[in-house]
Amino acid sequence: MHFTSFLQDRQLTVALTGEIDHHCAKEYIQKITAKIDTYMPAVCVLDFQEVTFMDSSGIAVVINAMRHMAQIGGRLRLQSIAEQPMKVLRAAGIEKIVEIKEAVR
């Protein structure tokens, strides 16, 4: 598990990489929460461009980030989601509660 992040104009972008499964989801949650707490962004973008696989544990990562952003009065956006992770997110109905900027590779 590895990710990079940067803050620009009160927008925190977190670029996730690799596989998001039960082995790394808890660590992703902790690290994304810490970044949100540190920077207090108006918008947090989870960039899935480098995510090669995601199971239902990835939904927990998204929901946790969404809830944390709501607590500080911000919003969450997902972007650059490949086909396989998008299927998982759609099956959960995430597009009904989180903005998705679709850029499927």
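Is leucine 89 buried or exposed? Select it and see. Leucine 89 counts as buried, at 0% relative accessibility. Keep in mind throughout that this is a predicted model.

**Stop 1: the whole chain**

Zoom out before going further. The protein has three helices and five strands. Colour from the N terminus and follow the order of elements: β-β-α-β-α-β-α-β. The radius of gyration is 12 Å, close to the 13 Å that the globule rule gives for 105 residues, so the protein is as compact as a globular protein of that length. Along the principal axes, the C-alpha atoms fill a box of roughly 30 × 25 × 20 Å.

Now show the surface. Its accessible area comes to about 5,700 Å². Carbon and sulfur atoms own 49% of that area. Of the 105 residues, 44% count as buried. Then turn on contacts. Among those with a separation of 6 or more, 68% join residues 24 or more positions apart.

**Stop 2: helix H1**

Select residues 25-39. This is helix H1, with 15 residues. From its first C-alpha to its last it reaches 21 Å, close to the 21 Å expected at 1.5 Å a residue.

Which residues of H1 are buried? Show Ala25, Tyr28, Ile32, Thr33 and Ile36 as sticks: these are the buried ones. They cover an arc of only 125° around the axis, which puts them on the same side of H1. Look down the helix axis to check this in the viewer.

Next, turn to the opposite face. The side of H1 turned away from the buried residues carries Lys26 and Thr38, both exposed.

What covers the buried residues of H1? Show strand S1 (3-8), strand S2 (11-20), strand S3 (43-54) and helix H2 (57-71); the cover includes these four elements.

Finish at the end of the helix. Methionine 40 follows H1, and its phi is positive, near 45°.

**Stop 3: two neighbours in H1**

Centre on isoleucine 32, in helix H1. Isoleucine 32 counts as buried, at 2% relative accessibility. Show what isoleucine 32 touches, leaving out residues up to four places away in sequence: Phe3, Val14, Leu16, Leu46, Val61 and Ala65. For a long reach across the model, draw a distance from isoleucine 32 to lysine 101. The two are 69 residues apart in sequence, and their C-alpha atoms are 19 Å apart in space.

Then select threonine 33, also a residue of helix H1. Threonine 33 counts as buried too, at 17% relative accessibility. The cut-off for buried is under 20%. Which residues does threonine 33 contact, leaving aside neighbours within four places in sequence? Look for Asn64 and His68.

**Stop 4: serine 57 in helix H2**

Move to serine 57, which lies in helix H2. Serine 57 is buried, with a relative accessible area of 16%. Beyond its neighbours within four places in sequence, serine 57 is in contact with Asp21, His22 and Ala25. Ala25 has come up before: it is one of the buried residues of H1.

**Stop 5: the cysteines**

Select the cysteine sulfur atoms. How many disulfides are there? The count is zero. Cysteine 24 is in no disulfide, and the nearest cysteine sulfur, that of cysteine 44, is 16 Å away. A disulfide would need the two sulfur atoms within 2.5 Å. Cysteine 44 is likewise in no disulfide. Its nearest cysteine sulfur is that of cysteine 24.

Now check how much of each cysteine is accessible. Cysteine 24 is buried, with a relative accessible area of 7%. Cysteine 44 is buried as well, with a relative accessible area of 0%.

**Stop 6: back to leucine 89**

Return to the opening residue. Where is leucine 89 placed? Select residues 83-92: leucine 89 is in helix H3. Now show its contacts, again leaving aside neighbours within four places in sequence. Leucine 89 meets Met54, Ile59, Val62, Leu78, Ile81, Ile94 and Glu95.

Draw one last distance, from leucine 89 to leucine 12. They are 77 residues apart in sequence and 21 Å apart in space, C-alpha to C-alpha.

Note on methods: Residues numbered from 1 in each chain as written. Predicted model: local features only at pLDDT ≥ 70, side-chain atom pairs only at ≥ 80, totals over all residues. Heavy atoms only, no water. Buried < 20%, exposed > 50% of the residue type's maximum accessible area, 1.4 Å probe, protein only. Helix = DSSP H or I, 4+ residues; strand = E, 2+ residues; numbered from the N terminus. Expected span 1.5 Å × (residues − 1). Arc of directions from axis to C-beta. Contact = heavy atoms within 4.5 Å. Rg over C-alpha atoms; globule rule 2.2 N^0.38 Å. Areas by Shrake-Rupley, 256 points an atom, 1.4 Å probe, with all protein chains shown as cover.
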